[in-house]
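Subject: Structure for your review

Dear colleague,

Please find the structure below, together with its sequence. I would be grateful if you could read the notes that follow alongside it.

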Amino acid sequence: MALDGMVIANLVEELAETLTGGRITKIAQPEKDELLLTIKQSRQDEEGKTVRSQHRLVISVNPSLPLLYLTGENKNSPLQAPTFCMVLRKHLNNCRITAIEQLGLERVIRMSLEHLNEMGDLCTKSLYIELMGKHSNIIFCDDDDTIIDSIKHISLLVSSVREVLPGRAYFIPNTQDKADPYTIEEDTFIHKVLAKPLPPAKALYTSLTGFSPQAAAELLYRASLTDRNSTEALSEMEKLHLYRNFSRMMEEVQEKQFTPTIYYQDQMPVEFSSIALTGYEQSADYTYRRFDQVSLMLREYYATKEILSRIHQKSSDLRRITTTALERSHKKYDLQSRQLKDTGKRDKFKVYGELLTTYGYELKGGEKKLTCDNYYTGEPITIPLDDTKNAMENAKRYFDKYAKLKRTYEALSVQIAETQEEIKHLESISNALDIARQESDLTAIKQELTEYGYMHKHSSGKKNPKKTEKSKPLHYISSDGFHMYVGKNNYQNDELTFHFATGNDWWFHAKASAGSHVIVKTEGKELPDRTFEEAARLAAYYSKAKDQGKAEIDYIQKKHIKKPNGSKPGFVVYYTNYSMNISTDITGIQEVDE
């Protein structure tokens with residue numbers, strides 16, 4: 001993720017085209033580090049008619065998430081506006097935006113503004129928006145770049161580089177060690193930037209303003225170069241080739257050939273960029289989505305990340321409970337397995353008792369062992385004896401041991417089967433947590449954990465508790481037009497398999513692995529091979545075998561699936577299934593938004 005100089009350039013192009021000439025009619029500060037500007041625009045269309053529009057511009061300088069984008073949504077503001085908001089309202093009420101520009105390839109945007117002062121004279125002001133991580137700020141300046149106020153005040157006690165206080169002169173933080181990518185020449189690029197004793201990618205992003213590690217990696221990829229331990233490993237020809245690719249990349253930016261794109265791995269957004277990241281696009285591990293507007297890209301990326309982050313945070317307690325129960329069950333299984341192994345001696349003790357009953361008459365008393373023929377194997381055998389007991393007493397002792405171990409074996413066999421079922425159940429819950437996308441998914445998982453005693457049921461004390469939205473299965477359409485459904489938890493798996501699917505629909509599941517039930521609705525038609533493979537890929541992806549790259553999938557018509565009485569949700573049995581090994585990659589399978 002990189003809000004670098006290239007994304008800023010794309011943003012500036014969009015904002016300049018949309019907002020220049022518009023008037024700021026409302027200024028709000030919903031958060032201590034965020035502004036919301038409402039801008040009204042009037043323009044003439046091709047027929048000479050006046051077209052009016054309204055836009056909202058969000059400017060966030062949150063240290064962990066500096067952001068700037070257009071939105072259609074409003075936000076609630078505090079009853080008493082903060083000081084910075086009041087200063088802006090005083091000066092900029094109904095002001096006109098005359099220009100929006102980026103300073104070089106810096107992560108700094110200047111918004112030039114015109115307004116009438118109290119005497120009715122036309123005045124100019126500047127609003128500088130610095131999107132520089134923890135150093136982000138919004139700074140309001142007079143026509144001579146004297147700071148009037150800022151959303152964050154920075155004194156010399158905080159920064160020895162630059163004071164940001166009313167009355168001080170505004171200047172961009174010192175970047176003299178970095179070159180402007182727009183103006184850098186070949187000689188400087190090769191003999192200064194690529195002469196630093198650093199890996200090439202690091203030499204690039206530490207030497208060029210607005211250049212991110214992501215952009216540096218993309219430049220190396222376009223030049224067909226891998227990152228080295230040091231720039232010294234690059235030949236002169238490779239350095240020249242790198243510069244030429246760099247020049248072409250900068251031409252794309254200067255000519256505004258932007259392609260706002262989000263890159264996904266396993267359907268999760270991992271990167272965004274305003275230039276094509278060919279390294280991602282040519283990798284089978286990633287998918288991508290283009291956007292017409294950079295604001296739409298940023299809103300989509302951060303909204304999705306926020307949802308996933310919130311779901312992961314809200315599921316942390318459920319994950320901890322499930323993981324703890326799984327660890328406990330695995331320890332119980334290991335202990336039971338060791339105890340079961342010890343019962344393997346039971347048949348030997350039974351043979352000892354039977355042989356003593358047969359040959360005990362040979363003993364005179366006081367012997368510590370008896371050697372005799374084992375009539376089961378035809379070989380001699382030596383039986384240890386208690387010399388204080390006679391033959392029949394020793395035989396009884398061995399029969400008692402046999403009976404005890406037999407009872408233990410029978411009890412442990414049942415317990416181990418129960419523990420294995422419990423482990424499978426918990427692994428299926430763990431898998432459901434991995435694929436949860438909405439709070440309603442977590443509600444169903446919490447209900448299951450509570451029902452089976454892994455969580456205590458807490459009463460809210462309300463007579464009419466708020467109803468939560470029911471979790472829905474994932475819905476895909478195969479390349480051949482067949483509808484495919486994926487259960488996101490065990491209750492959904494049961495619902496899909498035994499209530500939603502009909503007899504001739506096909507059922508898919510990862511073999512010997514916790515995972516989702518996948519149902520393909522046939523509508524009385526025969527499924528093409530491609531649909532079988534796509535459904536199997538879904539079953540592989542939404543299972544614990546996902547990270548293995550390939551998985552064995554069982555598939556069978558629903559009419560052959562049975563659910564044993566009293567079995568846990570999601571548990572089924574079947575006997576005459578088909579199987580296939582398939583990739584866990586679901587790239588290209590169309591998901592339907594419900």
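The notes below cover the nonpolar cores, the two sheets and the helices that accompany them.

This is a predicted model, in which local features need pLDDT of at least 70 and side-chain atom pairs count only at pLDDT 80 or more, while totals for chains, interfaces and linings use all residues. Residues are numbered from 1 along each chain as its sequence is written, and side-chain values use heavy atoms, with hydrogens and water left out.

Nonpolar cores

A nonpolar core is here a set of buried Ala, Val, Leu, Ile, Met, Phe, Trp, Tyr and Cys residues joined through side-chain atoms within 4.5 Å; buried means under 20% relative accessible area (1.4 Å probe, protein chains only). The largest such core comprises 49 residues, and L57, L68, F272 and L298 have the most contacts inside it. Helix α1 (residues 5–19) supplies its largest share, six residues. Helices (H or I, at least four residues) and strands (E, at least two) are DSSP runs, numbered from the N terminus. A second, separate core has 31 residues, including F189, V253, Y263 and I275.

Three-stranded sheet

Strands are taken to pair if DSSP finds at least two bridges between them. One open sheet has three strands in the order β11-β10-β12, paired antiparallel. Its edges are β11 (268–273) and β12 (287–290); each has a single partner strand, so one side of each is left without a neighbour in the sheet. Four bridges connect β10 (residues 261–265) with β12, and Y263 stands opposite Y288 in β12.

Seven-stranded sheet and its helices

The other open sheet, also antiparallel, follows the order β20-β19-β17-β18-β16-β15-β21. Here β20 (578–583) and β21 (590–591) stand at the edges with a single partner strand each, so one side of each lacks a neighbour in the sheet. Five bridges link β17 to β19 (residues 550–557), where Y555 is the bridge partner of F508.

Helix α13 packs on this sheet, touching β16, β17 and β18 (contact: heavy atoms within 4.5 Å), and its direction makes about 140° with that of β16; axes are lines fitted to C-alpha atoms, for helices over the stretch in contact, and angles run from 0 to 180 degrees between N-to-C directions. The buried residues of α13 (residues 490–500) are N490, Q492, N493, D494, L496 and T497. At the N-terminal end of α13, N489 acts as a cap, with a side-chain oxygen 3.1 Å from the backbone nitrogen of Y491. Just after α12, G453 takes a positive phi of about 80°.

Yours sincerely

Technical notes. Buried < 20%, exposed > 50% of the residue type's maximum accessible area, 1.4 Å probe, protein only. Polar contact = N/O pair within 3.5 Å; in protein donor to acceptor, adjacent residues only side chain to side chain.
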